[in-house]
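Let's take a walk through a protein model together. Keep the picture open as you read, and look up each part when we get to it.

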Amino acid sequence: MSLVSLAAPIAGWLTSVREVPDPVFSEDMMGVGFAIDPTEGTLVAPIAGQVVLVAPTNHSVTLRSDAGAELLIHIGLETVALRGRGFEAHVRDGDRVAVGDPLISFDLDLVGLEAKSLATPIVLTNSGEFRLKLESLDRLVARGETIGSIQSIAAGKASPVDGGEVHHAEAEVGFVHGLHARPAARIAECAKRHSSEITIAVGAKSAKARSPVAIMALNARNGDRVQLTATGEQGPRALEALVQLISAGEEPERPVASAAPTRALAENEIAGICALPGAAVGTAVHWRRDVRETAEEGGGVEEERAALDEALAIVRARLEANSAQMSGPAAAIARAHVGLLEDEELNQAARREIDQGRSAGRAWQVATAAAAEELRSADNPLLRERVADLEDIAAQVASVLAGESPPGQVELAPGTILLADELLPSELMSLPRDRLSGLATSGGGATSHMALIAASFGIPTLVAMGPELSRVPEGSRVLLDATAGVLVIEPDEKEIARVAATAAQLGAEAGECVTRDGERVRLLANLGGLADVEPALAAGAEGCGLLRTEFLFLDRAEAPSEEEQQATYQAIADALGGRPLTIRTLDIGGDKPVPYIRFPQEQNPALGARGIRTALFRPELIDAQLRAIGGVRGEAIKVMIPMVSSVAELRSVREQLGALGTKLTLGVMVETPAAALIADRLAAEADFLSIGSNDLAQYALAMDRTNPLLAGSIDALHPAVLRLIAMTAEAGQRSGKPISLCGNLASEPLGALVLVGLGIRELSGVPAALSAVRSAIRQVTAADCRRLAERALTAESAADVRALASELLNSSAEGEGE
Ligand code: PEP
Ligand code: MG
């Protein structure tokens with residue numbers, strides 16, 4: 001029995017392999033092991049021995065000790081997709097290494113940004129013959145530090161494999177990146193389930209199918225044909241399973257909203273991928289984009305540079321106004337487009353083209369087309385989808401340079417089902433939502449920005465329908481059944497009746513939202529203007545829990561008059577037909593600037609004069625607004641103040657209302673950690689509290705909500721944010737004051753379950769999300785939600801909370817089905 005000591009191959013946090021978010025490693029498919037979350041980019045040999053295999057993309061390496069123990073070190077997860085970018089190997093197959101010899105260097109920042117995770121599993125791939133022992137886990141380790149040992153288990157165990165007749169088969173490798181670590185692990189796993197001796201060969205090289213390392217060493221690429229042999233009785237079955245596995249390739253990396261239809265298609269049907277479920281019958285209209293002529297040559301470098309700068313500034317101003325005016329994905333995407341406009345490389349490339357004598361329009365076109373081409377050739381489908389964003393800003397800048405007026409609302413007949421090759425996000429935003437019943441595109445994906453905006457607008461959408469979409473006759477009647485993944489040309493009455501029956505059923509479902517044990521939860525809608533009222537009511541909203549009044553103030557040269565404000569608020573109150581309307585006072589500043597207010601110079605606008613603080617330096621604005629709100633007729637009109645961080649702010653607005661002689665119900669938004677921490681004091685004086693989870697998460701987690709780098713991390717289900725919400729809910733309950741939540745967390749079914757568990761009985765969310773939230777709440781009991789909330793408050797991460805909430809939802813759904 002030999003004993004080899006094991007050194008840490010890299011500095012970082014040593015943890016259990018169970019923590020690695022990839023079942024190939026966490027479920028020991030490759031063998032037993034551990035993981036290190038690296039804090040540096042240098043990997044060294046943890047044992048002495050021979051290099052068995054350096055992955056062709058340099059992201060993993062396997063070593064074999066002299067006693068035969070094989071250690072695979074895989075830097076990060078899903079790093080094969082980087083195709084070697086950021087990795088440099090210092091050893092080759094067959095080299096001998098001593099402990100501490102450099103193996104691979106990698107760019108920690110690049111891999112950290114682009115890979116699924118930096119967690120680096122280190123596994124003993126022949127753990128049947130060797131045992132791995134670690135001294136302790138969950139601590140920082142230094143590179144080269146001794147962390148454990150590898151010991152051989154007594155040899156001589158009988159092989160589990162049967163002999164006998166040999167069977168043959170062939171398969172074509174369907175895995176996009178060939179037989180790298182993950183496919184190799186799955187093949188070995190599959191092989192181990194059979195008692196046959198199985199080999200896989202590519203050309204002259206062959207490997208035992210039970211050894212993931214040997215499979216990787218075959219270096220089989222996508223499309224290669226591999227020969228399989230298997231012995232004994234189980235041979236044919238083993239081969240059948242392996243052929244299927246090898247040729248099918250990977251499952252999609254990210255789930256798409258829905259797959260193609262589950263039934264055979266008729267002649268008049270075209271299949272697509274569902275981006276937002278739902279169904280609609282309407283008139284097919286093909287979207288045609290005007291082709292713009294752009295002059296090739298410019299009128300001089302100076303002139304063209306100035307023209308480009310001006311056009312960029314105009315598009316930027318429009319996008320900023322759009323992002324401030326909208327909410328949800330549309331706002332975020334407009335901000336992302338601003339980022340693209342400012343992209344230094346893009347700008348420099350365009351300027352180089354101008355220096356070559358090109359016109360500003362042509363130069364911008366060439367530069368964006370080159371960047372789009374690079375994205376198109378990327379392996380990552382998500383990157384490919386960003387091509388549309390580049391095309392979008394290219395079109396917007398070209399339109400300004402061509403002297404066209406700003407995109408207004410496109411004319412569409414009611415009940416239009418729009419068919420397009422690709423629809424740019426800005427084009428979709430210029431369409432009248434109330435006239436658009438459905439959307440189908442031949443290209444695009446379910447995660448394209450266009451699809452996200454369509455989903456936030458609540459428009460049933462099918463994408464990736466292919467060129468067949470062009471055969472739909474203009475003006476024909478079509479049924480777009482996004483839920484079933486199919487578009488039907490000239491559907492028969494039976495089909496239309498089926499869709500109508502489903503819609504009626506959904507309508508009937510909108511009604512009271514009650515948990516299975518009878519607790520009532522009120523669902524209201526967040527509105528950005530009068531146009532949002534109708535979809536909100538259609539979605540079953542019981543009123544408006546947040547009217548973002550900014551929409552009236554942005555994108556104009558001067559502030560709206562008191563009369564204009566009052567008329568607008570009145571129209572919204574009337575459209576709501578007496579249902580509650582909570583009007584939030586102006587929340588500008590920070591990421592929502594307006595041209596006619598000169599804000600003080602601020603280093604950190606998000607921590608500056610935004611929300612109620614604006615009243616400190618422009619008191620006349622809030623005065624006029626309070627008077628306008630006070631003048632609205634209706635029973636259930638409330639006013640709510642944003643960004644409160646002290647009781648004094650509430651008192652000053654209360655005094656202002658008193659001075660105006662108005663007795664409005666006055667609430668406070670709890671969206672700063674300060675407000676949550678003094679929620680008891682605020683609840684004592686306010687008439688109600690409403691939690692703004694978007695800002696509360698931003699300020700509690702110290703993560704800018706507009707920073708795309710942090711978009712994946714800022715999550716209001718983080719236990720720290722939940723604790724602040726819990727404190728606020730408790731303060732509300734103790735004081736007997738109503739407490740609601742109007743941030744995006746209320747628009748998420750999983751978030752809603754946690755909130756119900758924390759005792760919140762009024763949620764205000766985006767209209768398009770209400771039916772999903774309602775259906776989730778109806779599936780669970782409030783008692784279950786309370787247990788969920790209790791566990792969520794002590795969970796470690798937002799991801800854990802999400803897992804707990806989906807577990808509850810899934811088990812409740814199964815329970816209902818029984
Ligand atoms: C919030 O912060 O949660 C909120 C509802 O306000 P807004 O998103 O408008 O800042
Ligand atoms: Mg807010």
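Start with helix 23, and look at what lies around it. The elements that cover its buried residues include strand 28 (544–548), strand 31 (665–670), helix 21 (673–677), strand 32 (688–691), helix 24 (719–735) and strand 33 (739–741). How many of the residues of helix 23 are buried? Helix 23 runs over residues 693–701, and 8 of its 9 residues are buried, so the rest of the structure largely encloses it. If you'd like to find them, the buried ones are S693, N694, D695, L696, A697, Q698, Y699 and L701. Now step just past the end of helix 23: there you meet A702, which takes a positive phi of about 55 degrees. Here's a bit of background for that: most residues other than glycine have a negative phi.

Time to zoom out. What you're looking at is a predicted model, so it's worth asking about confidence. The mean pLDDT of the protein chain is 84, and 89% of its residues reach 70 or more. Some stretches score lower, though. Over residues 155–161 the pLDDT stays under 50, and the model gives that stretch 7 contacts beyond four places in sequence. Residues 251–262 also have a pLDDT below 50, with 16 contacts in the model beyond near neighbours in sequence.

As for the overall build, the protein chain has 28 helices and 34 strands. Of its 818 residues, 50% count as buried. Take the contacts between residues at least 6 apart in sequence: 68% of them join residues at least 24 apart.

M643 is a nice example of a residue meeting others from elsewhere in the chain. You'll find M643 in the loop between strand 30 (637–641) and helix 20. Is M643 buried or exposed? Its relative accessibility is 1%, and anything under 20% is called buried, so M643 counts as buried. Setting aside neighbours within four places in sequence, M643 touches D587, R610, G611, I612, R613, E649, E671, T672 and Y699. One of those partners is Y699, which you already met among the buried residues of helix 23. Another partner, I612, is 31 residues away from M643 in sequence, yet their C-alpha atoms are 5.9 Å apart in space. M643 also has a positive phi, about 60 degrees, although it isn't a glycine.

For another residue with a positive phi, go to N58. N58 sits in the loop between strand 5 (49–54) and strand 6 (60–64). Its phi is about 60 degrees, and N58 isn't a glycine either.

Next, let's see how some helices pack. Two packed helices are described by the angle between their axes and the distance between the axes. Helix 19 (residues 619–630) and helix 20 (residues 647–660) pack at about 55 degrees, with axes 10 Å apart. That angle makes helix 19 oblique to helix 20. The crossing of the two is right-handed. On the helix 19 side, the contact uses P619, I622, D623, L626 and R627, while helix 20 brings V653, Q656, L657 and L660. Sort these contact residues by class and you get 6 nonpolar, 1 polar and 2 charged. Wondering about the spacing of the residue numbers? An α-helix has 3.6 residues a turn, so residues three or four places apart point the same way.

Further along, try helix 25 (residues 749–757) with helix 26 (residues 770–779). Which angle do they make? They pack at about 50 degrees, and their axes are 9 Å apart. Helix 25 and helix 26 are therefore oblique to each other, and their crossing is right-handed. P749, A752, L753 and V756 of helix 25 meet A772, V773, A776 and I777 of helix 26. By class, this contact has 8 nonpolar residues, no polar ones and no charged ones.

One last stop: A331, in helix 7 (residues 328–341). With a relative accessibility of 4%, A331 counts as buried. A331 and L319 are 12 residues apart in sequence, and 8.8 Å apart from C-alpha to C-alpha.

Notes. Residues numbered from 1 in each chain as written. Chains lettered and ligands numbered in written order. Predicted model: local features only at pLDDT ≥ 70, side-chain atom pairs only at ≥ 80, totals over all residues. Heavy atoms only, no water. Axes fitted to C-alpha atoms, helices over the stretch in contact; angles between N-to-C directions. Helix = DSSP H or I, 4+ residues; strand = E, 2+ residues; numbered from the N terminus. Parallel < 35°, antiparallel > 145°, perpendicular 65-115°, else oblique. Left-handed = near helix turned anticlockwise from the far one by under 90°. Contact = heavy atoms within 4.5 Å. Nonpolar A, V, L, I, M, F, W, Y, C, P; charged D, E, K, R; others polar. pLDDT = per-residue confidence, 0-100. Buried < 20%, exposed > 50% of the residue type's maximum accessible area, 1.4 Å probe, protein only.
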